[in-house]
Amino acid sequence: MRHASPLSTLLTALAGLYAAENRAGGDQAGRALLQAAARTKGLQKAQPGPLDAQLHALLENDPHPLSSLIRAAAPWLVWQFSDLGGRIRDSIASGMMQTELVGPDGLIFDPALRVGLWVQAPQLDYPTRVHAAEETFVILSGSAFWRAADGPETERNVGEMIHHPSMTSHSDRTSENALLAAWRWSGDIAIEQYTLKG
Ligand SMILES: [Fe+2]
């Protein structure tokens, strides 16, 4: 059985990304990712995700330092449409895919938090949602226009972190670029605490 070491390398790099966030939730994610990096042995290769072509275009077009690590780990990543158990309607969910790397539903189990990667297709409006989990995205490729609570809509680009405290309403929309981001959920991470408002 082949050791999925490229996945360990990716998890370790994500740990560094979140440790640099300078929040308790980021520190927690960093520690969990390092523990997960030591637990990838025996993982099986997966099928390509439903938006695999878009993922690889994102990794080619707008390289973040993590892009090459995601490419190398791609055979082990388990992607699915991002519908949160039917809480996101198909017209939106069919343009987004996610992989949960660490978490209750993750490639590597952890009951306390969720960390993953997420792809959003171009020209897709993902309207206002609210959830109990505290959340931080890190944009790894592409860009999107984000709004939180009653704040202004702001374009966010590669390398930027987007943080939402628990129960902060937020939305984002892509324009001509697709989006690839890392995400983490901390605190109350139950998907039952997610509501799409828009
Ligand atoms: Fe969110």
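These are my notebook entries on a predicted model.

**Entry 1: the iron site**

I started with the metal. Which protein atoms are the donors of the iron ion? I found H131 (NE2), E135 (OE), E135 (OE) and H170 (NE2). They lie 2.2 to 2.3 Å from the iron ion. E135 is listed with two OE donors.

Next I looked at the angles. The four donor atoms subtend angles of 57 to 141° around the iron ion, so I noted the arrangement as irregular. For a tetrahedral label, all angles would have to lie between 85 and 135 degrees.

I also read the donors along the chain. Their spacing is H-x3-E-x34-H.

Are H131 and E135 buried or exposed? H131 has 3% relative accessibility, so I put H131 down as buried. E135 has 5%, so E135 is buried as well. The cut-off for buried is under 20%.

**Entry 2: aromatic rings**

I turned to the rings. How many aromatic pairs does the structure hold? There are three. I wrote down two of them.

One is W118 with Y126. Their centres are 5.9 Å apart, and the planes make an angle of 55°. That pair is tilted. Both W118 and Y126 are buried.

Another is F137 with W146. Here the centres are 4.9 Å apart and the planes stand at 50°, so this pair is tilted too. F137 and W146 are both buried.

Then I checked how these residues are grouped. W118, Y126, F137 and W146 form one aromatic cluster.

**Entry 3: charges over rings**

I looked for charged ends above rings. Which residue has its charged end over the ring of Y126? It is R129, at 3.4 Å from the ring centre. This Y126 is the partner of W118 in Entry 2. I also found R173 over the face of F145. R173 is 4.5 Å from that ring centre.

**Entry 4: helix α3**

Helix α3 covers residues 52-61. Which of its residues are buried? I noted L55, L58 and L59. Seen down the axis, the buried residues fall within an arc of 95°, so they line one face of the helix. On the other side, A53, E60 and N61 are exposed.

What do the buried residues of α3 pack against? My list has α4 (67-73), β2 (96-103), β4 (114-120), β6 (134-142) and β11 (179-186).

I looked up D52 as well. D52 belongs to α3. With 25% relative accessibility, D52 counts as partly exposed. I took one distance from D52. Its C-alpha atom is 8.7 Å from that of W79, and the two residues are 27 apart along the chain.

**Entry 5: Q98 and S82**

Q98 sits in strand β2. At 13% relative accessibility, Q98 is buried. Leaving aside neighbours within four places in sequence, Q98 is in contact with V78, W79, Q80, S82, L117, W118 and W183.

S82 was on that list, so S82 came next. S82 lies in the loop between β1 (80-81) and α5 (90-93). Its relative accessible area is 4%, so S82 is buried. Not counting residues up to four places away, S82 touches I88, A93, M96, M97, Q98 and W118. W118 is also a member of the aromatic cluster.

**Entry 6: L69**

L69 is in helix α4. Its relative accessible area is 23%, so L69 is partly exposed. What does L69 contact beyond its neighbours within four places in sequence? I found P6, T9, L10 and A13. I compared positions with I88 too. L69 and I88 are 19 residues apart along the chain, and their C-alpha atoms are separated by 29 Å.

**Entry 7: positive phi**

Last, I looked at backbone angles. Most residues other than glycine have a negative phi. I noted two residues with positive values.

L84 has a phi of about 45°, though it is not a glycine. L84 lies in the loop between β1 and α5. L84 is buried, with a relative accessible area of 14%.

Q123 has a positive phi near 55° and is not a glycine either. Q123 lies in the loop between β4 and β5 (125-131). Is Q123 buried or exposed? At 60% relative accessibility, Q123 counts as exposed.

Conventions: Residues numbered from 1 in each chain as written. Predicted model: local features only at pLDDT ≥ 70, side-chain atom pairs only at ≥ 80, totals over all residues. Heavy atoms only, no water. Phe/Tyr/Trp six-rings, centres within 6.5 Å; stacked < 30°, edge-to-face > 60°. Buried < 20%, exposed > 50% of the residue type's maximum accessible area, 1.4 Å probe, protein only. Lys NZ or Arg CZ within 6 Å of the ring centre and 35° of its normal. Donors = N, O, S within 2.8 Å, 3.2 Å for Na, K, Ca; no water. Tetrahedral: all angles 85-135°; square planar, octahedral: opposite > 155°, others 65-115°. Helix = DSSP H or I, 4+ residues; strand = E, 2+ residues; numbered from the N terminus. Arc of directions from axis to C-beta. Contact = heavy atoms within 4.5 Å.
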